[in-house]
Amino acid sequence: MKLAVLPGDGIGKEIVAQAVKVLDVLKGEGAGIEMEYGHIGGAGYDAEGDPLPETTLKLSREADAVLLGAVGGPQYDKLDRPLRPERGLLRIRKELNLFANLRPALLYPELAGASSLKPEVVAGLDIMIVRELTGDVYFGQPRGIEMRVGPNGQGERVGFNTMIYSESEVRRVAHVAFGIALKRGRRLCSVEKANVLECSELWRDVVAEVAKEYPEVELSSLYVDNAAMQLVRNPKQFDVIVTGNIFGDILSDQASMLSGSIGMLPSASLDEHNKGMYEPIHGSAPDIAGRDIANPLATILSVAMMYRYTFADAATADRIETAVKKVIAQGYRTGDIWTEGTNRVSCSAMGDAVVAAM
Ligand code: NAD
């Protein structure tokens, strides 16, 4: 298995180093894993003048899977937009055609106290959000900021983006979501804003058409504002949620807090052949970078997802997830999930604990 490892910026290097420890265990046991490192984000700009250098793209295209840390940092915020770290991330998703982003939100019982909601509301939470990742307002053209004539006849700046989905884009992500729902609780909720947006109206129609091919799955639809409310009112009503790029971006961050910390949540971004890029859902956390205090579990759990979805090796995925459950049960906590009476550990000590549990 060829793996492109792209640590990126901020805490990216620290958390990816812990995930690599887990991969090294498997390698030591004989798994054929080849890891090759590349630059992305600010690190790509610093090293090669591009947030997605050609070398990184080539490495990622040739790999079976990509393991990514995070990108971004305040020192890059004044760069021209195409040179900013986040553009590198958007481009790699688009270039590798990673249209289906899987974001589980799962609450470990021991972390119920770290959730911002009441323990009884979140206990046993297990949601999978399937977010479309290569379309929508993030990529739609035209986009820009330009001068137009304002109401008083004077020129003023307007900013604009285009929300756009084609039938085929909706259909392929709907198939992924129905397929996942089939293997879980067989309930799928499609989230859009069809009462206001034509783009959402098409989304709703196409998802309903695809539903006919999955009679075992119960399909429901919610407007995104209601879905946001339901996610905090009664999150356990959801099994799988499928939604577009921008709504999924917001809802999955919201769902992450239900589970205690953004530092716990992995993600997978898949193409049509289950080639994937695996990364934690959080960013580069510049506020805590370089201090060895970040939570590496989201990145380690991203390796588990890599085994489950790209390498179709559920046993190894289960083994990594079980090791994470074990260290949580043993009371190991990084600062973001620490509560009174538990054992506060560094990022690297958490990585070591997972390795020991494996
Ligand atoms: P962030 O996710 O980096 O951080 C939000 C908060 O969560 C911070 O307080 C941070 O310390 C904390 N946090 C995040 N991950 C953590 C972890 N593993 N352990 C403990 N605490 C953790 O989001 P932000 O502050 O809005 O953005 C910072 C930078 O990251 C920006 O440049 C942004 O563009 C970028 N970003 C990148 C990605 C990505 O690479 N996928 C995603 C979101 C934001």
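## Exercises on the ligand site and the domain interface

In this predicted model, 20 residues surround the ligand, and those coming nearest are Val71, Glu86, Gly283, Ala285 and Asn295.

**Exercise 1.** Find which backbone or side-chain N or O atoms of glycine 73, glutamate 86 and alanine 285 lie by an oxygen atom of the ligand.

*Solution.*
- Step 1. Take the cut-off for a polar contact, a pair of N or O atoms within 3.5 Å.
- Step 2. For glutamate 86, an N or O atom of the side chain is 2.4 Å from a ligand oxygen.
- Step 3. For alanine 285, the atom belongs to the backbone, and the distance to a ligand oxygen is 2.8 Å.
- Step 4. Glycine 73 also uses a backbone N or O atom, 3.3 Å from an oxygen of the ligand.
- Step 5. On its own the ligand has 800 Å² of accessible area, and the protein covers 68% of that.

**Exercise 2.** Sort the shell around the ligand by residue class.

*Solution.* The shell holds 9 nonpolar residues, 7 polar residues and 4 charged residues.

**Exercise 3.** Describe the interface between domain 1 and domain 2 by its contacts and its buried area.

*Solution.*
- Step 1. Set the bounds: the domain assignment gives 1-99 + 271-358 for domain 1 and 107-264 for domain 2.
- Step 2. Taken over C-alpha atoms, the two domain centres are 23 Å apart.
- Step 3. Count the contacts: 23 residues of domain 1 meet 20 residues of domain 2.
- Step 4. The buried area is about 2000 Å², with 66% from carbon and sulfur atoms.
- Step 5. On the domain 1 side, Lys94, Phe99 and Ile281 lose the most area to domain 2, together 30% of what that side buries.
- Step 6. Between the domains there are 0 salt bridges, while 4 residue pairs are in polar contact, both residues at pLDDT 80 or more.

Conventions:
Residues numbered from 1 in each chain as written. Predicted model: local features only at pLDDT ≥ 70, side-chain atom pairs only at ≥ 80, totals over all residues. Heavy atoms only, no water. Near = heavy atom within 4 Å. Polar contact = N/O pair within 3.5 Å; in protein donor to acceptor, adjacent residues only side chain to side chain. Areas by Shrake-Rupley, 256 points an atom, 1.4 Å probe, with all protein chains shown as cover. Nonpolar A, V, L, I, M, F, W, Y, C, P; charged D, E, K, R; others polar. Domains from an automatic or database assignment. Contact = heavy atoms within 4.5 Å. Buried area = accessible area lost by both parts, 1.4 Å probe. Salt bridge = Lys/Arg side-chain N within 4 Å of Asp/Glu carboxyl O.
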